[in-house]
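Please look over the sequence and the model shown here. The text below goes through them step by step.

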Amino acid sequence: MRLSARVDYALRAVIELATSGGAPITAERIARAQEIPPKFCESILLQLRRGGIVFAQRGPEGGYWLARTADQITLVDVIEVIDGPLGSPRSPGGDAPLGAAAALAQVWSAVEESERHILTQVTIAHVVSGPLPEAVIRYNPAVV
């Protein structure tokens, strides 16, 4: 799985908001804390607002905050707001493997399913405070 820089920055911005205790944080502060280019951060936060992940308020007391609690926002929620639905690890439009390679279709399907399972199990709260869910530990025992 490859995540775009946009998704990486979006996840980092949401995690930064999750540590704010619910108080609004400016885009500038998020960008500085997570080393995200400021204009890029603004654009990502706007997309997250439109996707229902964050709320925004203008003015001197303004900023961004999570629209739901951190334990109600999964990694896949953020990923899909930014990049759209998760796709297959196979390149789109590619021909199905044939002959001796036909079993690859099952491998790609299993990869896609395990990826989706992990990303729907891990919430922003897990990332902020741990521990990670069993779904992650099962695939990577080194995380324990």
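The account starts with the whole chain, then turns to one helix and its surroundings, and ends with a single tyrosine.

The model is a predicted one. The chain holds 7 helices and 2 strands. Read from the N terminus, the order of the elements is α-α-α-β-β-α-α-α-α. Of the 144 residues in the chain, 31% are buried. Among contacts with a separation of 6 or more, 58% are between residues 24 or more positions apart.

Helix 2 covers residues 27-34. Its buried residues are Ala 27, Ile 30 and Ala 31. Seen down the axis of helix 2, these buried residues fall within an arc of 100°, and therefore they line one face of the helix. Glu 28 and Arg 32, on the other side of helix 2, are exposed. The cover over the buried residues of helix 2 includes helix 1, helix 3 and strand 2, the last of these at 63-66. After helix 2 comes Glu 35, which has a positive phi, near 55°.

How does helix 3, one of the covering elements, lie against helix 2? Helix 3 spans residues 38-50, and the two helices pack at an angle of about 120° with their axes 9 Å apart. Angles of 65 to 115 degrees count as roughly perpendicular and those over 145 as roughly antiparallel, so helix 2 is oblique to helix 3. The crossing of the two is right-handed. On the side of helix 2, the contact is made by Ala 27, Ile 30 and Ala 31, and on the side of helix 3 by Pro 38, Cys 41, Glu 42 and Leu 45. By class, this contact has 6 nonpolar residues, no polar ones and 1 charged residue. Ala 27, Ile 30 and Ala 31 thus appear both as the buried residues of helix 2 and as its part of the contact with helix 3.

Helix 1, residues 5-18, contains Tyr 9. Is Tyr 9 buried or exposed? Its relative accessibility is 18%, and because the limit for a buried residue is under 20%, Tyr 9 counts as buried. Apart from neighbours within four places in sequence, Tyr 9 is in contact with Glu 35, Ile 36, Pro 37, Phe 40 and Ile 44. One of these, Glu 35, is the residue with positive phi that follows helix 2. Tyr 9 and Cys 41 are 32 residues apart in sequence, while their C-alpha atoms are 7.4 Å apart in space. Cys 41 is also one of the helix 3 residues in contact with helix 2.

Key:
Residues are numbered from 1 along each chain as its sequence is written. This is a predicted model: local features need pLDDT of at least 70, side-chain atom pairs count only at pLDDT 80 or more; totals for chains, interfaces and linings use all residues. Side-chain values use heavy atoms; hydrogens and water are left out. Axes are lines fitted to C-alpha atoms, for helices over the stretch in contact, and angles run from 0 to 180 degrees between N-to-C directions. Helices (H or I, at least four residues) and strands (E, at least two) are DSSP runs, numbered from the N terminus. Angles under 35 degrees count as roughly parallel, over 145 as roughly antiparallel, 65 to 115 as roughly perpendicular and the rest as oblique. A crossing is left-handed if the near helix is turned anticlockwise from the far one by less than a right angle, and right-handed if clockwise. Contact means heavy atoms within 4.5 Å. Ala, Val, Leu, Ile, Met, Phe, Trp, Tyr, Cys and Pro count as nonpolar, Asp, Glu, Lys and Arg as charged, and the others, Gly among them, as polar. Buried means under 20% relative accessible area, exposed over 50%, partly exposed in between (1.4 Å probe, protein chains only). The arc is that of the directions from the helix axis to the C-beta atoms.
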